[in-house]
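Thanks for coming. I will go through one model today, and I will keep to what can be read off the coordinates.

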Amino acid sequence: MTPQLAFERYEAIRDRLPQPIGAPGHGQRISSLAEVTEHADVFVFDAFGVLNVGETPIPGAPDRVRQLRQAGKQVFVLTNAASYSHAQSCAKFSGLGFDFAPEEIVSSRDVCEQHLGLFQSVTKWGVIAPTSCDISSLPAPARHLSDSAAPYDQVSGFLFLSAQDWTAQRQAQLIQCLRRNPRPIVVANPDLVAPREHGLSLEPGYFAHALQDELGTDVQFHGKPFPSVYHEIAARVPHVPAHRITMVGDTLHTDILGAQANGWRSILVSDHGVYANLPFESFINTSGLVPDWITPSI
C-alpha cells in the first residue's frame with residue numbers, strides 16, 4: 001500500500017465517514033504552535049507523526065506540550081492505537097518523556113470499551129489482535145481469533161483492535177462466518193493504514209471496510225474520524241466551545257476531517273507522519289480537506 005493508494009481508498013469511502021461542518025480552513029502556514037496559542041483553549045494531539053515517530057519523541061515535542069500547559073492551555077492525546085490498554089498507553093507516553101496525566105490520554109480503545117456494554121446480545125467477543133494484546137480489561141468475556149475456524153462460530157460478536165498478524169486467510173474465514181451467521185462488528189481503530197519503518201501497514205479500518213464492501217454489513221467504529229472519541233474529549237471540557245478546541249494531526253481523513261466534523265479547528269503536521277516527504281498540497285486540493293493551519297512540526 002502506497003500513500004497515494006491509501007489516499008484514493010479514503011476518498012472512495014468518503015460516504016461512510018463523517019462530513020465536515022462549516023467552511024474549510026485556510027491552510028495558513030506557521031512555523032510552530034507558538035504562533036497560534038492564543039486561538040485555542042484546548043489542544044488535542046494525535047500521537048504518531050505529531051508527538052513521536054516509533055519509539056522516539058519528535059524533537060521539541062515534550063517541551064511544546066509543557067509550554068502550552070504553562071500558558072494555561074488544556075492538552076490531550078487522542079490516539080487510534082487500540083492494541084494498548086490505558087495503563088500501557090500512559091506508560092508509553094511517560095517513557096517518551098511526556099508529562100500527560102492519565103485523564104489526558106484518550107484512546108479509541110478506551111472509548112470503544114465504554115460502548116461494548118450496549119451490545120447485550122454479545123456474550124463473548126472474538127478479538128482480532130495478536131495474542132500479546134492484553135484483553136483482560138474488556139467488559140465481557142473475550143478470546144483471540146487465529147487460524148482455527150471453530151472459534152469464529154463460537155463467539156457472538158467481533159472486536160477489531162489490531163491488524164498485526166491478521167491475514168487474508170483469516171479475513172476470508174471471517175467473511176464466510178458472517179455470511180452464515182451475521183453478528184455485530186466493532187472496530188476500535190478505524191485507520192486504513194499506519195506509517196511504519198518499512199512503509200505503510202494495513203490497519204483494522206482497511207479490513208473492516210473490505211467487510212462492508214463484501215457483505216454490506218454495518219460496522220461500528222470508534223476512533224478518529226468517528227464521533228464517539230470527540231464526544232469523550234468534549235465531555236471532559238464541557239465549558240469550552242468547539243471552536244476553541246484544536247486538533248493537531250498528520251492525516252487528512254482522520255485528524256483533520258474528524259476535527260472539522262465536530263466544529264473544532266485543526267493543524268496539519270507535515271514533516272513527520274503520513275505526508276513526510278510527499279506533496280501533501282495535492283492531497284489537500286483533491287480532498288477539499290483544508291486545515292486551519294499547516295506546520296512542519298509542533
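Let me start with the helix α9. Its buried residues are L252, H253, T254, D255, I256, L257, G258, A259, Q260 and A261. That is ten of the ten residues in α9, so the helix is largely enclosed by the rest of the structure. Before going further, please keep in mind that this is a predicted model.

What covers those residues? The cover over the buried part of α9 includes the helices α1 (3-12), α8 (227-236) and α10 (280-287), together with the strands β14 (245-249) and β15 (265-269). Just after α9, G263 has a positive phi of about 80°.

Now one residue from that helix. H253 sits in α9, which spans residues 252-261. Its relative accessible area is 2%, and since buried means under 20%, H253 counts as buried. The side chain of H253 makes a polar contact of 2.7 Å with the side chain of E11. Leaving out residues up to four places away in sequence, H253 touches F7, Y10, E11, R14, L17, P225, S287 and L289. So E11 appears twice for H253, as a polar partner and in the list of contacts.

Next, the sheets. One is an open sheet of seven strands, in the order β1-β16-β15-β14-β2-β5-β6, and the pairing is parallel. At its edges are β1 (28-29) and β6 (105-107), each with a single partner strand, so one side of each has no neighbour in the sheet. β1 is joined to β16 (residues 293-295) by two bridges, and the two strands run parallel. Within that pair, R29 is opposite I294. Helix α4 (residues 108-115) packs on this sheet and touches β5 (74-79) and β6, with its direction at about 65° to that of β6.

There is also an open sheet of five strands, again with parallel pairing, and its order is β8-β7-β9-β10-β13. The edge strands here are β8 (142-144) and β13 (220-221), which pair on one side only. Inside the sheet, β7 (residues 125-128) and β9 (residues 157-160) pair in the parallel sense over four bridges. W125 is opposite G157 of β9.

Which helix lies across β9, β10 and β13? That is α7 (residues 204-215), and it runs at about 150° to β10 (185-187).

α7 has a helix partner as well. α6 (residues 168-180) packs against α7 at an angle of about 45°, and the axes are 11 Å apart. That angle makes α6 oblique to α7. The crossing of the two helices is right-handed. On the α6 side the residues are Q171, L174, I175, L178 and R179, and they meet F207, A210, L211, E214 and L215 of α7.

The last residue I want to show is G205, also in α7. Is G205 buried or exposed? Its relative accessibility is 0%, so G205 counts as buried. Apart from residues up to four places away in sequence, G205 touches V187, N189, P190, D191 and L192. For a sense of scale, G205 and R69 are 136 residues apart in sequence, and their C-alpha atoms are 33 Å apart in space.

To recap, we have seen the buried helix α9, the seven-stranded open sheet, the five-stranded open sheet and the α6 and α7 pair. That is all I have.

Conventions
Residues are numbered from 1 along each chain as its sequence is written. This is a predicted model: local features need pLDDT of at least 70, side-chain atom pairs count only at pLDDT 80 or more; totals for chains, interfaces and linings use all residues. Side-chain values use heavy atoms; hydrogens and water are left out. Buried means under 20% relative accessible area, exposed over 50%, partly exposed in between (1.4 Å probe, protein chains only). A polar contact is a pair of N or O atoms within 3.5 Å; within protein, one must be able to donate a hydrogen and the other to accept it, and residues adjacent in sequence count only if both atoms are side-chain atoms. Contact means heavy atoms within 4.5 Å. Two strands pair if DSSP finds at least two bridges between them. Axes are lines fitted to C-alpha atoms, for helices over the stretch in contact, and angles run from 0 to 180 degrees between N-to-C directions. Angles under 35 degrees count as roughly parallel, over 145 as roughly antiparallel, 65 to 115 as roughly perpendicular and the rest as oblique. A crossing is left-handed if the near helix is turned anticlockwise from the far one by less than a right angle, and right-handed if clockwise.
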